[in-house]
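Please open the structure in your viewer and keep the selection panel at hand. The tour below moves from one selection to the next and says what is found at each stop.

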Amino acid sequence: MNREESVQHFLDLLKKSRRGNFKIYIGMIAGVGKSYRMLSEAHELLRSGIDVRIGYIETHGRTETEALVGGLPLIPRRKSFYKGKEVEDMDLDAILNIHPEVVVVDELAHTNIEGSKNEKRWQDVMDILEAGISVITAVNIQHLEGLNEEVQDIAGIEVKERIPDSVLEQADEVVNIDLTADELVARLKAGKIYKPEKVQTALNNFFKAENILQLRELALKEVALRVEKKVENSVPVNTGVRHERFLACISSHEKTPRKVIRKAARLATRYNSKFYVLYVQTPRESMDRIPLANQRYLSNHFKLATELGGEVIRIQSESIPKSIVRVCREKQISTVCVGKPSFSLCSVLLSVFQYRTLLNSLSQLNIDLIIIA
């Protein structure tokens, strides 16, 4: 470690020591008991003399959860008018001013009211942690950005409110609240999750047994992955093993690039490595020729890549294969991810000849290629 790296390492440690502790309860689906566990832990902390307060809790009318709210100091919600109606949301400023030792913040993936300091609640939580306040929070597995396509395949719907995978990576502790499918369905039918009139609709949709089983598997694997990463981080790096780095090559299309970015991000998480997102701007997509819709798509792709912890690389060039190979050499890439030829990068931006050239070049550099549908 050189002098500059040593100084940065010390600054990182110093910053971390001032930062609040971050604990996330994660579940496969609504109703497994995340809020209940958070509030139970808050009561234990309060009995131990810790200054713990509720920053935001959503009981969804569940009797067991509502009973635990009593006796816990509550920071009042911020009231404001939105589209002619009075709405309530978590009061970030009040939490920072009161500065408790620990704050309970539910619904981590929530989108804040327009005009709030941050767009998302998870960003509020980052501010709270930076202020030295510890946070206990909760989220369901379907709200994880990197799993968006998998959840959509399972449940048949796209979950709109999501958090970057990097939020979980910053957690000091991730706890999975696990129930069997039978236990969860029994809770649902007993009216412990939703009101009676909503039970059958839930059973016919998100709470189908096959959906629950697949979401449960995702949650278990995700928490296991976080534990594995912590273990790996505590063990010296084996210099004899190939260092994995991933490159997501995207176009200006709407959907496929998101899948490519998420795949590269998940692989980087799995291998505890970096990933990059490359967009090659050819003359046909120069600023005066690219459609406005495609400009918006690109902007959203770059934002997604950044939220997932990737580094965006934008190059102007007439040759996409040469640009990809150049970045692979510069960044020591081990694996390149592209969209399926019939939908994105390979067929639209690359001719057959160019595509073959890219394949041959990557093969010579011993770089793996993953094609994502």
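Begin by selecting Glu88, which counts as partly exposed because its relative accessibility is 40%. Glu88 has its place in strand β4, made of residues 85–89. If you now show its surroundings and leave aside the neighbours within four places in sequence, you will find Glu88 in contact with Arg77, Arg78, Lys79 and Ile113. Add Pro76 to the selection as well: 12 residues separate Pro76 from Glu88 in sequence, and their C-alpha atoms lie 9.4 Å apart in space.

Before going on, step back to the whole chain, bearing in mind that this is a predicted model. The chain holds 15 helices and 12 strands, and of its 373 residues 49% are buried. The mean pLDDT is 85, with 87% of the residues reaching 70 or more. Select residues 342–349 to see a stretch where pLDDT stays under 50, although the model has 25 contacts for it beyond four places in sequence. Where pLDDT is low, the predicted coordinates should not be read in detail.

Next, select strand β1, residues 22–27. Is this strand enclosed or open to the outside? Six of its six residues are buried, so β1 is largely enclosed by the rest of the structure. Side chains in a regular strand alternate between the two faces of the sheet. In β1, Phe22, Ile24 and Ile26 point one way, while Lys23, Tyr25 and Gly27 point the other way, and all of them are buried.

Keep β1 on screen and add the strands that pair with it. Strand β6, residues 134–140, runs parallel to β1 and is joined to it by six bridges; within β6, Asn140 is the bridge partner of Gly27. Strand β7, residues 173–177, also runs parallel to β1, here with five bridges, and Glu173 in β7 is the bridge partner of Lys23.

Now move to helix α8, residues 181–189, and helix α9, residues 196–204, which pack at an angle of about 150 degrees with their axes 9 Å apart. The two helices are therefore roughly antiparallel to each other. Show the side chains where they meet: Val185, Leu188 and Lys189 come from α8, and Val199, Ala202 and Leu203 come from α9. The residues of this contact divide into five nonpolar, no polar and one charged.

For the last stop, select the five strands that form an open sheet with parallel pairing, in the order β10-β9-β8-β11-β12. At its edges stand β10 (311–316) and β12 (368–372), each with a single partner strand, so one side of each is left without a neighbour in the sheet. On average, neighbouring strands of this sheet are turned by 25 degrees against each other, direction ignored.

Within this sheet, look at strand β9, residues 275–281, which runs parallel to β10 and is joined to it by six bridges; there, Ile315 in β10 is the bridge partner of Val280. Then add helix α12, residues 292–307, which packs on the sheet and touches β8, β9 and β10, its direction making about 145 degrees with that of β10. Finally, add helix α11, residues 256–270, which lies across β8 (246–250), β9, β11 (335–339) and β12 and runs at about 175 degrees to β8.

Conventions:
Residues numbered from 1 in each chain as written. Predicted model: local features only at pLDDT ≥ 70, side-chain atom pairs only at ≥ 80, totals over all residues. Heavy atoms only, no water. Buried < 20%, exposed > 50% of the residue type's maximum accessible area, 1.4 Å probe, protein only. Helix = DSSP H or I, 4+ residues; strand = E, 2+ residues; numbered from the N terminus. Pairing = 2+ DSSP bridges. Axes fitted to C-alpha atoms, helices over the stretch in contact; angles between N-to-C directions. Parallel < 35°, antiparallel > 145°, perpendicular 65-115°, else oblique. Contact = heavy atoms within 4.5 Å. Nonpolar A, V, L, I, M, F, W, Y, C, P; charged D, E, K, R; others polar. pLDDT = per-residue confidence, 0-100.
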